[in-house]
Amino acid sequence: MTFQKSILNSAQQRWLLLLITGLAAVALVAVACGGDSEESGGAAPTNDRSSAADQPSDDDEDRYAELSGEIRIDGSSTVFPIAEAMAEEFGHVSDVRVNVAFSGTGGGFEKFCRGETQISNASRPIKDGEVEACAENGIDDIVEIQVAIDALTVMIHPDNDFAQCMTVGELNQAFRADGAEKWSDLRAEWPDDDIIAYYPGADSGTFDYFNEAIIEAFEGSTHRGDGTPSEDDNILALGIGRDKNAIGYFGFAYFLEAGQSLQAVSVDGGNGCVAPSFEAALAGEYTPLSRPLFVYTRASLLSERPELAGFMRFFLESTDVIVPEVGYVTMPADLLAEQFAKIAAHAN
């Protein structure tokens, strides 16, 4: 896999161990109780897995072993590490070749709507214009499947000893056109040095999400264009790590991979400084930069191509292990069950 467990620090490893242990305990209770449950009608989500039917079985493994073919995936660079890891693991239990690329969420939807890919990774929901573009090409059976939660992370150079926490307003000023030019424009006590901005390219869903949550949250604001944009988050990480006055943003997994070369900024969304973390994103405390991550496919493909339906089921079955392994947050049980239901509604 592109990302290894070694990228997680000891606290995150303990969190993951506790999560897996808790899930195992819940599974035992579910079996003892017969595994039946009713919809909670809006109860608070949990990370417990309440149905053994959602877990891999020997029959599933046999079914995967008989699958073959090819699946093409493109889209979000943020979702790319998850999809790449899933593709690699699926290759161990099937003969399906899954090719994963990234051209940004917008670029991925363009290929998907032209019928060039079967799955499109996205770090934001599909836009109405993209749905219309798909429909013009006869693709009118789009299925949205959420696969994880991300904590979009603002980063600075590790030697930056003043901007460890920023308000949403300060982030807006740092990244808006005609906003702050120097760090001292944000706070008088900060250095009188130029702000060097790094950010995803305009085709990125991460750019779209940040623009909506931070820039457009203030009327009349537009995103600055005088920084360094890139669709490749690794390039952004390198740039921020080389300049003491740099600031940038991208997905949480890429921050974890960068290790000590970058420093995460805590965000004050109105209730004090909150650092990006697994726990804060899952609890809804890291606002407004925690967000859902998606993959999109087609109902007709789920029903007509068993290798694609099998891959999507395997994808969801594997989220508890692979999603935190590559640096993202797993979904609550009720939300995960909804995604399984979407696949079951179309797959044979």
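In the predicted model, Asp178 is located in the loop that connects α6 (168–175) with α7 (183–186). The residue is not a glycine, yet its phi is positive, at about 60°. Asp178 is classed as exposed because its relative accessibility is 83%, and the cut-off for that class is over 50%.

A second loop position shows the opposite degree of burial. Thr117 belongs to the loop between α4 (105–113) and β3 (119–122). With a relative accessible area of 9%, Thr117 is buried, since the class requires a value under 20%. Beyond residues up to four places away in sequence, Thr117 touches Arg72, Ile73 and Asp74, together with Gly108, Lys111 and Phe112. Of these contacts, Asp74 is 43 residues from Thr117 in sequence, whereas the C-alpha atoms of the two residues are 6.9 Å apart in space. A polar atom of the Thr117 side chain also lies 3.5 Å from the backbone nitrogen of Phe112.

Strand β3, which follows the loop of Thr117, is paired with β13 in the antiparallel sense through three bridges. Within this pairing, Ala122 has Phe294 of β13 as its bridge partner. Strand β13 is also paired with β4 (residues 142–151), again antiparallel, and nine bridges join these two strands. Here Val143 is placed opposite Thr297 of β13. Strand β13 spans residues 290–298, and eight of its nine residues are buried, so the strand is largely enclosed by the rest of the structure. In a regular strand, side chains alternate between the two faces of the sheet.

The segment leading towards β13 contains a cis peptide bond, from Thr287 to Pro288, with omega near 5°. Pro288 itself is part of the loop between α11 (278–283) and β13.

Nonpolar packing was examined next. The largest nonpolar core comprises 89 residues, and those with the most contacts inside it are Met166, Trp183, Phe311 and Met312. Another core, of five residues, lies apart from it and includes Phe109, Ile126, Phe294 and Tyr296. Phe294 is thus listed in this five-residue core and is also the bridge partner of Ala122.

At the level of the whole chain, 15 helices and 13 strands are present. The chain has 348 residues, of which 51% count as buried. Contacts between residues 24 or more positions apart make up 77% of those with a separation of 6 or more. The exposed area of the chain is about 15100 Å², and 49% of this area is supplied by carbon and sulfur atoms.

Confidence varies along the model. The average pLDDT of the chain is 85, and 82% of the residues score at least 70. Over residues 1–57, however, pLDDT stays under 50. For this segment the model has 71 contacts beyond four places in sequence. Where pLDDT is low, predicted coordinates should not be read in detail.

Definitions and conventions:
Residues are numbered from 1 along each chain as its sequence is written. This is a predicted model: local features need pLDDT of at least 70, side-chain atom pairs count only at pLDDT 80 or more; totals for chains, interfaces and linings use all residues. Side-chain values use heavy atoms; hydrogens and water are left out. pLDDT is the predictor's confidence in each residue, from 0 to 100. Contact means heavy atoms within 4.5 Å. Helices (H or I, at least four residues) and strands (E, at least two) are DSSP runs, numbered from the N terminus. Buried means under 20% relative accessible area, exposed over 50%, partly exposed in between (1.4 Å probe, protein chains only). Accessible areas come from the Shrake-Rupley method with a 1.4 Å probe; for residues, only the protein chains shown count as cover. A polar contact is a pair of N or O atoms within 3.5 Å; within protein, one must be able to donate a hydrogen and the other to accept it, and residues adjacent in sequence count only if both atoms are side-chain atoms. Two strands pair if DSSP finds at least two bridges between them. A nonpolar core is a set of buried Ala, Val, Leu, Ile, Met, Phe, Trp, Tyr and Cys residues joined through side-chain atoms within 4.5 Å.
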